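Hi there,

Here is the structure I promised to pass on to you. Have a look at it first, and my notes come right after.

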Amino acid sequence: MKKWEIAVIPGDGIGKEVVPAALDVLKAVADVHGGISFSFTEFPWSCDYYMEHGKMMPDDGLETLRNFDAIFLGAVGNPKLVPDHISLWGLLLKIRREFEQVINIRPAKYFRGLSSPLAEPREFDFIVVRENSEGEYSEIGGRIHRGEDEIAIQNAVFTRKGTERAMRYAFELARKRKRHVTSATKSNGIFHTMPFWDEVFADVKRDYPDVATASYHIDALAAFFVTRPHTFDVVVASNLFGDILTDLGGAIMGSIGIAPAANINVNGKYPSMFEPVHGSAPDIYGQGIANPIGQIWTAKLMLDHFGEEEIGALLLQTIEDVAADGIKTPDLGGTATTKEVTEEICRRLRKRG
Ligand SMILES: NC(=O)c1ccc[n+]([C@@H]2O[C@H](COP(=O)([O-])OP(=O)(O)OC[C@H]3O[C@@H](n4cnc5c(N)ncnc54)[C@H](O)[C@@H]3O)[C@@H](O)[C@H]2O)c1
Ligand SMILES: O=C(O)C[C@@H](O)C(=O)O
Ligand SMILES: [K+]
Ligand SMILES: [Mn+2]
């Protein structure tokens, strides 16, 4: 029996609703599988924790997390209590950076049973590889003066190592898929970093002559996600561009509430972290109607990471079946609650197992 030790951080808002839902599903997965089990250790780190302790996690928080096989997180952010840049940098981004989770994998695909806001979607299935450690997300810069003469400067950081690493990851992934990589650039408007990004892409692609490529400015690429998403396989993007593209990826599937994500530590030094694309959704928190699919599909990515692809595939198929049969939360046009969707997924999983 293989036992996986998981650190669980529900975080804020609907994270506290969808994480327990996904843990129920993981328990069903373990029962059906028969050869794996999970031990869940929960941590209350969140904006509520900040209000009590003046920080998003304790000083030895990372030390505590280090020994787990994976981190399973919901969402971080409650702007009514804590400014978003403080909460995000104090927990989510801190873990991503300190644990060298340099790649963020974010799939999107045409989902059986869901109505996409696209009028006539063809079947699409792509993965955005988001550079997860640098780029536009940096603490470098500052503000001086107040009022009329105020200046704010934010520096982006693109290293050759980090850029190349994300691109190579994308090419390797494409080799296991449809052998196509699209680069998200903006080298017409961003004077230094994006021409650099293009140069690194040109260098890296030379090593993968068997993989076809395209490069689009992010504005046009965003439009292509709407007009022809079926033409993409792997898309490699900087931290910010990848962030924006992946909410869009969720939206064209039918809801950002279903989009999954995995923050991957590629050097094996630290645990990887699994958390959906969406945030804490304060507008619907507490109503029991948050869509649990993003968090549950994220659990599937964690199973894949553990090498349990077979049961992961069964889980995804079960999620799709439940959606196709109309058991959907309001964001997908249904009337089901978080609990009803979750219970139906667990029930069908157990029946299959
Ligand atoms: N990775 C993260 O933890 C993460 C990601 C994005 C935003 N945030 C934080 O979350 C807070 C809210 O941010 P936001 O409103 O920009 O983004 P959001 O993703 O929380 O919500 C955007 C919209 O999508 C809806 N939505 C999101 N997830 C849903 C789900 N599972 N089911 C149904 N509907 C869902 C919300 O109701 C809202 O209308 C902020 O504090 C922000 O910083 C955190
Ligand atoms: O900006 C971020 O990375 C936080 C959130 O929007 C996300 O997509 O994970
Ligand atoms: K999240
Ligand atoms: Mn985002």
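Below is what I found, going from the whole protein down to single residues.

Please keep in mind while reading that this is a predicted model.

**The protein as a whole**

The protein contains eleven helices and twelve strands. Along the principal axes, its C-alpha atoms fill a box of roughly 55 × 50 × 40 Å. The radius of gyration is 20 Å, and since a compact globule with 353 residues would have a value near 20 Å, the two agree. Buried residues make up 48% of the 353. If you take the contacts between residues at least 6 apart in sequence, 75% of them join residues at least 24 apart.

**Two domains**

The protein is divided into domain 1, which covers 1–101 + 260–353, and domain 2, which covers 116–253. Their centres, taken over C-alpha atoms, are separated by 25 Å. Six residues from domain 1 and six residues from domain 2 make up the contact. On the side of domain 1 that touches domain 2, α4 gives the most, with three residues. That side of domain 1 divides into two nonpolar, two polar and two charged residues.

**Around ligand 1**

Helix α4 (residues 84–98) turns up again here: with three residues, α4 gives the most to the shell around ligand 1. There are 23 residues around the ligand, and the ones that come nearest are Gly77, Gly257, His278, Gly279 and Asn291. By residue type, the shell holds twelve nonpolar, seven polar and four charged residues.

**Strand β4 and its partners**

Which strands would you look at alongside β4? One is strand β5 (residues 125–131), which pairs with β4 in the antiparallel sense over seven bridges. Within that pairing, Pro107 has Ile127 of β5 as its bridge partner. Another is strand β11 (residues 262–264), which is also antiparallel to β4, here over three bridges. In that case Ile103 stands opposite Ile264 of β11. Strand β4 itself (residues 103–109) is mostly covered, with six of its seven residues buried.

**Two residues with positive phi**

Most residues other than glycine have a negative phi, so two exceptions may be worth a glance on your screen. Glu100, in the loop between α4 and β4, has a phi near 50°, a positive value in a residue other than glycine. Glu100 is partly exposed, because 18 other C-beta atoms lie within 10 Å of its own.

The second is Ala281, which is not a glycine either but has a positive phi of about 40°. You will find Ala281 in the loop between β12 (272–274) and α9 (293–305). Is Ala281 buried or exposed? Ala281 counts as buried, because 22 C-beta neighbours lie inside 10 Å and 20 are enough for that label.

**Val277, in that loop too**

Val277 also lies in the loop between β12 and α9. Val277 has 25 other C-beta atoms within 10 Å, so it is buried. Which residues does Val277 contact, leaving aside its neighbours within four places in sequence? They are Arg106, Thr246, Asp247, Gly250, Ile256, Ala259, Pro260, Ala261 and Gly294. As for Leu118, this residue is 159 residues from Val277 along the chain, and their C-alpha atoms are separated by 20 Å.

**Val200 and Thr64**

Val200 is found in helix α6 (residues 193–205). Val200 counts as buried because it has 21 C-beta neighbours inside 10 Å. Not counting residues up to four places away in sequence, Val200 touches Arg160, Thr163, Glu164 and Met167. Of these, Thr163 is 37 residues from Val200 along the chain, with 7.2 Å between the two C-alpha atoms.

Thr64, found in helix α3 (residues 61–65), makes a useful counterpart. Thr64 and Ala28 are 36 residues apart in sequence and 27 Å apart in space, C-alpha to C-alpha. Thr64 has 14 other C-beta atoms within 10 Å, so it is partly exposed.

If you only have a few minutes, I would start with α4, which gives the most both to the shell around ligand 1 and to the side of domain 1 that touches domain 2.

Happy browsing, and best wishes

Definitions and conventions:
Residues numbered from 1 in each chain as written. Chains lettered and ligands numbered in written order. Predicted model: local features only at pLDDT ≥ 70, side-chain atom pairs only at ≥ 80, totals over all residues. Near = placed C-beta within 6 Å. Helix = DSSP H or I, 4+ residues; strand = E, 2+ residues; numbered from the N terminus. Nonpolar A, V, L, I, M, F, W, Y, C, P; charged D, E, K, R; others polar. Rg over C-alpha atoms; globule rule 2.2 N^0.38 Å. Buried ≥ 20, exposed ≤ 12 C-beta atoms within 10 Å, placed from the backbone. Contact = placed C-beta atoms within 7 Å. Pairing = 2+ DSSP bridges. Domains from an automatic or database assignment.
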